[in-house]
Amino acid sequence: MNKQHEVVPQTEQHRIECAIDTALLNADILREQVAELEAALLAETQAKHEAVEALRRVVSGEESDDLSKLVLGILSKHEVAE
């Protein structure tokens, strides 16, 4: 069983200060998590735009080494993500 150590505040003022400190720490953690989620969402959005661009080029009948490299790059990223 995992025991947590907790300092027992001696006064109401100290309890309030501890609660504020805890809230500020939690806010920092949430800000970090939001930043990580924003970065992941941006990467996902960019990957989808890249995939749509490749599909548009394929559907238009383009055949080029550049397009082949783009498609292979998308596929390799997808395989790593799975």
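A salt bridge here is a side-chain nitrogen of Lys or Arg sitting within 4 Å of a carboxyl oxygen of Asp or Glu. In this predicted model, Arg57 and Glu62 fit that bill, with their side chains meeting at 2.8 Å, N to O. The pair doesn't stand alone, since Arg57, Glu62 and Asp66 are linked in a network of salt bridges. Across the model, the count comes to six salt bridges.

Arg57 itself deserves a longer look. The residue belongs to helix α1, and its relative accessibility is just 13%, so Arg57 counts as buried, the cut-off being 20%. Glu62, its salt-bridge partner, comes out at 29% relative accessible area and is therefore partly exposed. Setting aside neighbours within four places in sequence, Arg57 is in contact with Glu62, Ser64, Asp66, Leu67 and Leu70. Two of these names, Glu62 and Asp66, are the ones that share the salt-bridge network with Arg57.

Now for the helix that carries Arg57. Helix α1 covers residues 12–59, which makes 48 residues. At 1.5 Å a residue, a helix of that length should span 70 Å, and the C-alpha atoms at its two ends turn out to be 69 Å apart, so expectation and model agree. Just after α1, Gly61 takes a positive phi of about 90°. Helix α2 then takes in residues 65–81.

Two further salt bridges sit within α1. One of them joins the side chains of Glu12 and Arg15, at 3.1 Å from N to O. These two are three residues apart in α1, so about one helical turn separates Glu12 from Arg15. Both ends of this bridge are partly exposed: Glu12 has a relative accessible area of 49%, and Arg15 comes in at 41%. The other bridge pairs Glu53 with Arg56, whose closest N and O atoms are 2.5 Å apart. Here too the partners lie in α1 with a spacing of three residues, about one turn of the helix. Glu53 is partly exposed at 32%, and Arg56 is partly exposed as well, at 47% relative accessibility.

On the α2 side, Val71 gives a view of how the two helices meet. Val71 is found in α2, and its relative accessible area of 29% makes it partly exposed. Not counting residues up to four places away in sequence, Val71 touches Ala54 and Val58. Val58 is 13 residues from Val71 in sequence, and the C-alpha atoms of the two are 9.4 Å apart in space.

That leaves the question of empty space. Rolling a probe the size of a water molecule over the atoms shows where such space is left. The largest pocket has a volume of about 260 Å³. Ten residues line it, and those nearest its centre are Ala47, Lys48, Ile74, Lys77 and His78. Both helices have a hand in this lining, with α1 and α2 each supplying at least two residues. Sorted by class, the lining holds five nonpolar residues, four charged ones and one polar one.

Technical notes:
Residues are numbered from 1 along each chain as its sequence is written. This is a predicted model: local features need pLDDT of at least 70, side-chain atom pairs count only at pLDDT 80 or more; totals for chains, interfaces and linings use all residues. Side-chain values use heavy atoms; hydrogens and water are left out. Helices (H or I, at least four residues) and strands (E, at least two) are DSSP runs, numbered from the N terminus. The expected span of a helix is 1.5 Å times one less than its number of residues. Buried means under 20% relative accessible area, exposed over 50%, partly exposed in between (1.4 Å probe, protein chains only). Contact means heavy atoms within 4.5 Å. On a 1 Å grid over the protein atoms alone, a cavity is a set of points where a 1.4 Å probe fits but cannot get out, and a pocket is an open set with protein on both sides within 12 Å along at least five of seven lines; lining residues have an atom within 4 Å of a point. Grid points are joined across faces, edges and corners, and a volume is the space filled by probe spheres set on the points. Ala, Val, Leu, Ile, Met, Phe, Trp, Tyr, Cys and Pro count as nonpolar, Asp, Glu, Lys and Arg as charged, and the others, Gly among them, as polar.
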